[in-house]
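Me: Please take a close look at one part of this model, the last of the loops you consider worth describing, and set it against the strands around it. Keep the account plain.

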Amino acid sequence: QVQLVESGGGLVQPGGSLRLSCAVSGVIFRTLLMCWYRQAPGKRRELVADITTGGRTNYGDSVKGRFTISRDNDKNTVYLQMNSPKPEDTAVYYCQVGGSHHWGQGTQVTVSS
């Protein structure tokens, strides 16, 4: 079956950096739109970034210029590089196969000094 496993979350200081990974199995990864979402306490889940099969990227307004989504089709993995994070980036981050009900379990990111 399809599995998505996120890793790389944790505590990071404002202005630091963190890289999230999402390993995908059970599906032909290179054919998929891949997405990162996040959900902060008391807030709705929101799209952070997505990347097409051809590598075209799209970002939420709040992370443009700071976060970078990328993919490695040989490793069946999608990444989210978080640079200059802010406290308001604190959330559980989820990867998703775009347009599907396939989600990872989530990884907590806390931005705090």
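Me: What does aspartate 89 touch, and where does aspartate 89 lie?

Reply: The model is a predicted one. Aspartate 89 belongs to the loop that links strand 8 to strand 9. Its relative accessible area is 1%, and because the cut-off for buried is under 20%, aspartate 89 counts as buried. A polar atom of the aspartate 89 side chain lies 2.7 Å from the backbone nitrogen of lysine 86. Leaving aside residues up to four places away in sequence, aspartate 89 touches Arg38, Val63, Arg66, Phe67, Val109 and Val111.

Serine 84 sits in the loop between strand 8 and strand 9 (91–97) as well. Serine 84 is not a glycine, yet its phi is positive, at about 50 degrees. With a relative accessible area of 40%, serine 84 is partly exposed, whereas aspartate 89 is buried.

On the other side of strand 8 comes the loop from strand 7 (67–72), and asparagine 76 is found there. Asparagine 76 also has a positive phi of about 50 degrees without being a glycine. Its relative accessibility is 27%, so asparagine 76 is classed as partly exposed.

Strand 8 itself covers residues 77–83 and pairs with strand 3 through 7 bridges, in the antiparallel sense. Within this pairing, arginine 19 has glutamine 81 of strand 8 as its bridge partner. Strand 3 (residues 17–25) is also joined to strand 1 (residues 3–7), by 5 bridges, and these two strands run antiparallel. Here glutamine 3 stands opposite serine 25 of strand 3.

Strand 9, at the other end of the aspartate 89 loop, is part of an open sheet of 6 strands with the order 2-10-9-4-5-6 and mixed pairing. The edges of this sheet are strand 2 (10–12) and strand 6 (57–59); each has a single partner strand, so one side of each is left without a neighbour in the sheet. From one strand to the next, the twist averages 25 degrees. Strand 4 follows strand 9 in the sheet order. Strand 4 (residues 34–39) pairs with strand 5 (residues 46–51) over 5 bridges, again in the antiparallel sense. One of the pairs here is methionine 34 with its bridge partner isoleucine 51 in strand 5.

Notes. Residues numbered from 1 in each chain as written. Predicted model: local features only at pLDDT ≥ 70, side-chain atom pairs only at ≥ 80, totals over all residues. Heavy atoms only, no water. Pairing = 2+ DSSP bridges. Helix = DSSP H or I, 4+ residues; strand = E, 2+ residues; numbered from the N terminus. Buried < 20%, exposed > 50% of the residue type's maximum accessible area, 1.4 Å probe, protein only. Polar contact = N/O pair within 3.5 Å; in protein donor to acceptor, adjacent residues only side chain to side chain. Contact = heavy atoms within 4.5 Å. Axes fitted to C-alpha atoms, helices over the stretch in contact; angles between N-to-C directions.
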